[in-house]
Amino acid sequence: MIAILRPLLLCIGIILTLLQPATLLAEQKVPAKKETIAAGSQDQACETRLLEQLGAVADPEFEISIIDFGLVREVRCDALKKINTITIIPTSPLCPYLKEMVADIKAVSTELYPQREARVIVDMETGWSPSLMTAKGKKMFWGEE
């Protein structure tokens with residue numbers, strides 16, 4: 001029964017997100033396109049490398065890169081504290097694949113930097129919006145740019 005409800009709940013969440021009026025999306029303080037993915041200055045090479053490798057992690061349901069889908073909000077590498085922190089937002093609070101995506105993200109970080117702790121922060125306060133997708137992500141999702 002739960003296996004049947006999960007995809008249904010995800011679809012409902014995405015549909016509700018897509019149907020939100022523009023004013024509601026603006027109230028959620030969605031970052032501007034140029035600020036889509038924030039990177040710190042602690043270890044720029046690490047952050048760049050992580051972003052590149054995270055492009056290979058796909059949303060399990062839609063098979064679109066989590067970068068192109070607009071799920072990765074921030075990547076921070078702290079060489080002194082030996083911590084890599086990746087902040088993501090789910091497409092829906094009911095996302096049934098969130099646990100799997102977090103595990104995949106941690107695996108990428110740990111594979112690249114085994115000596116560092118991999119932290120994934122799931123930001124449930126920032127609402128996901130299709131405007132966060134890259135042109136490639138939109139094309140894969142809707143078949144157009």
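**Asp123, Ala58 and model confidence**

Trainee: At what relative accessibility does Ala58 count as partly exposed?

Mentor: This is a predicted model in which local features need pLDDT of at least 70, side-chain atom pairs count only at pLDDT 80 or more, and totals for chains, interfaces and linings use all residues. Residues are numbered from 1 along each chain as its sequence is written, and side-chain values use heavy atoms, with hydrogens and water left out. Ala58 sits in the loop between α3 (44-54) and β2 (72-78). Because partly exposed covers the range between buried (under 20% relative accessible area) and exposed (over 50%), with a 1.4 Å probe and protein chains only, Ala58 falls in that class at 32%.

Trainee: Asp123 is buried yet has no salt bridge, so which side chain of opposite charge is nearest, and how far away is it?

Mentor: Asp123 belongs to the loop between β4 (117-122) and α5 (135-142), and its side chain reaches the backbone nitrogen of Glu125 at 2.9 Å. A salt bridge requires a side-chain nitrogen of Lys or Arg within 4 Å of a carboxyl oxygen of Asp or Glu. For Asp123, the nearest side chain of opposite charge (Lys and Arg count as positive, Asp and Glu as negative, with His and the chain ends not counted) is Arg73, at 6.7 Å.

Trainee: Over which residues does pLDDT stay under 50?

Mentor: The protein averages a pLDDT (the predictor's confidence in each residue, from 0 to 100) of 80, and 70% of the residues score at least 70. Where pLDDT is low, the predicted coordinates should not be read in detail. That caution applies to the stretch where pLDDT stays under 50, residues 16-36.

Note on methods. Helix = DSSP H or I, 4+ residues; strand = E, 2+ residues; numbered from the N terminus. Polar contact = N/O pair within 3.5 Å; in protein donor to acceptor, adjacent residues only side chain to side chain. Contact = heavy atoms within 4.5 Å.
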